[in-house]
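Take a moment to look over the chain before reading on. Start with the overall fold, then follow the text to single residues.

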Amino acid sequence: MKGIFISVEGPDGAGKSTQIERLKEYLAQKGYEVLITREPGGTVISEAVRELLLDPKHKEMKPETELLLYAAARAQLVGEVIGPAIEAGKAVISDRFVDSSVVYQGIARELGVETVYEVNRPAIGEYMPDVTFLLDLPAEVGIARKKDQAELDRMEQESLDFHRKVAEGYRTLAKRDPERIKTIDATLPVDTICDMIKDKVQALLS
Ligand code: TYD
């Protein structure tokens, strides 16, 4: 069986984790060995980089540093986990991938989309998701959900204006690549979203 690579994207608080768990069950029923990863993270080295990136104490971090650290964490994850899993025929579901860098660093931090792709080319090589689910949500709703859950990390503590740029950036990206990026309204009930995702994955598999 050929491996498949699915990423799930969206603003903070869009409910990605719940959908990823459901999708895992579905793909397992279809006979796949399923691997879930998250970004930044998913390997010992990438989780250490995650700590650096998300620690609220690191307020002085430069956008360029941020871009390179996300790419570094990604390079390790792709080389150590994602690439080998896809080659072994597994289904990989990644909680965020390079689109997050395009939107957060390229658009919201204004480093430029082309710069983000250039920096990430060595990190991702040939591995791009077969399909990406964008859980679209107004920035205000996402941040309110996060505030209810736990202490906010460095990125979540950014201004509402920043999070609005993120939400809008995702929409722009999805419009540019509708073949790969499937937009889903994340304010819909969890079960409805889950069914929509399954339908699209079913179409991809057949
Ligand atoms: P995470 O806890 O995974 O956030 P969430 O639960 O909302 O998905 O933290 C990841 C944070 O890092 C999130 O705010 C998005 C940000 N991020 C980037 O800015 N660039 C990237 O390339 C990636 C992968 C994440």
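The paragraphs below go from the whole protein to a few of its residues.

Keep in mind that this is a predicted model. Begin by counting elements. The protein has eight helices and five strands. Trace them from the N terminus and the order reads β-α-β-α-α-β-α-α-β-α-α-β-α. The radius of gyration is 16 Å, close to the 17 Å that the globule rule gives for 206 residues, so the protein is as compact as a globular protein of that length. Along its principal axes, the C-alpha trace spans about 45 × 35 × 30 Å.

Next, think about inside and outside. Of the 206 residues, 50% are buried. The accessible surface comes to about 9,900 Å². Carbon and sulfur atoms hold 52% of that surface. Now consider the contacts between residues with a separation of 6 or more. Residues 24 or more positions apart account for 79% of them. Charges come next. The protein carries 28 positive and 36 negative charges. The mean positions of the two groups are 1 Å apart.

Now zoom in on helix 4, which covers residues 98-108. Ser 101 lies in this helix. Is Ser 101 buried or exposed? Its relative accessibility is 1%, and buried means under 20%, so Ser 101 counts as buried. What does its side chain meet there? The side chain of Ser 101 makes a polar contact with the side chain of Arg 74, at 2.9 Å. Set aside residues up to four places away in sequence, and Ser 101 touches Tyr 70, Arg 74, Gly 106, Val 116 and Asn 120. Arg 74 thus appears both in this list and as the polar partner. For a longer view, pick out His 58. It is 43 residues from Ser 101 along the chain, and their C-alpha atoms are separated by 18 Å.

Stay in helix 4 and move to Val 102. Its relative accessible area is 0%, so Val 102 is buried. Which residues surround it, leaving aside neighbours within four places in sequence? Val 102 is in contact with Ile 107, Val 113, Val 116, Tyr 117 and Leu 173. Val 116 also touches Ser 101. Leu 173 falls within helix 7, which runs over 160-176. Another useful pair is Val 102 and Asp 177. They are 75 residues apart in sequence and 13 Å apart in space, C-alpha to C-alpha.

The next stop is helix 5, residues 113-124. Glu 114 lies in this helix. At 53% relative accessibility, and with exposed meaning over 50%, Glu 114 counts as exposed. Glu 114 and Val 102 are twelve residues apart along the chain, and their C-alpha atoms are separated by 8.5 Å. Glu 114 is exposed, whereas Val 102 is buried.

Loops deserve a look too. Walk to the loop between strand 2 (34-38) and helix 2 (44-54), where Pro 40 has its place. A cis peptide bond joins Glu 39 and Pro 40. Its omega is about -10 degrees.

Go on to the loop between strand 3 (91-95) and helix 4. Arg 96 is found there. Arg 96 is not a glycine, yet its phi is positive, about 80 degrees. At 11% relative accessibility, Arg 96 counts as buried.

Past helix 4, a loop leads to helix 5, and Glu 110 is found in it. Its phi is near 65 degrees, again a positive value in a residue other than glycine. Is Glu 110 buried or exposed? With a relative accessible area of 58%, Glu 110 is exposed. So these two loop residues share a positive phi, but Arg 96 is buried and Glu 110 is exposed.

End at the loop between helix 7 (160-176) and strand 5 (181-185). Glu 179 is found here. Its relative accessible area is 68%, so Glu 179 is exposed. How many residues separate it from Pro 189 along the chain? They are ten residues apart, and their C-alpha atoms are separated by 24 Å. Set that beside Glu 114 and Val 102, which are twelve residues apart along the chain with C-alpha atoms separated by 8.5 Å.

Definitions and conventions: Residues are numbered from 1 along each chain as its sequence is written. This is a predicted model: local features need pLDDT of at least 70, side-chain atom pairs count only at pLDDT 80 or more; totals for chains, interfaces and linings use all residues. Side-chain values use heavy atoms; hydrogens and water are left out. Helices (H or I, at least four residues) and strands (E, at least two) are DSSP runs, numbered from the N terminus. The radius of gyration is taken over C-alpha atoms; the globule rule is 2.2 Å times the number of residues to the power 0.38. Buried means under 20% relative accessible area, exposed over 50%, partly exposed in between (1.4 Å probe, protein chains only). Contact means heavy atoms within 4.5 Å. Accessible areas come from the Shrake-Rupley method with a 1.4 Å probe; for residues, only the protein chains shown count as cover. Lys and Arg count as positive and Asp and Glu as negative; His and the chain ends are not counted. The place of a charge is taken as NZ of Lys, CZ of Arg, CG of Asp or CD of Glu. A polar contact is a pair of N or O atoms within 3.5 Å; within protein, one must be able to donate a hydrogen and the other to accept it, and residues adjacent in sequence count only if both atoms are side-chain atoms.
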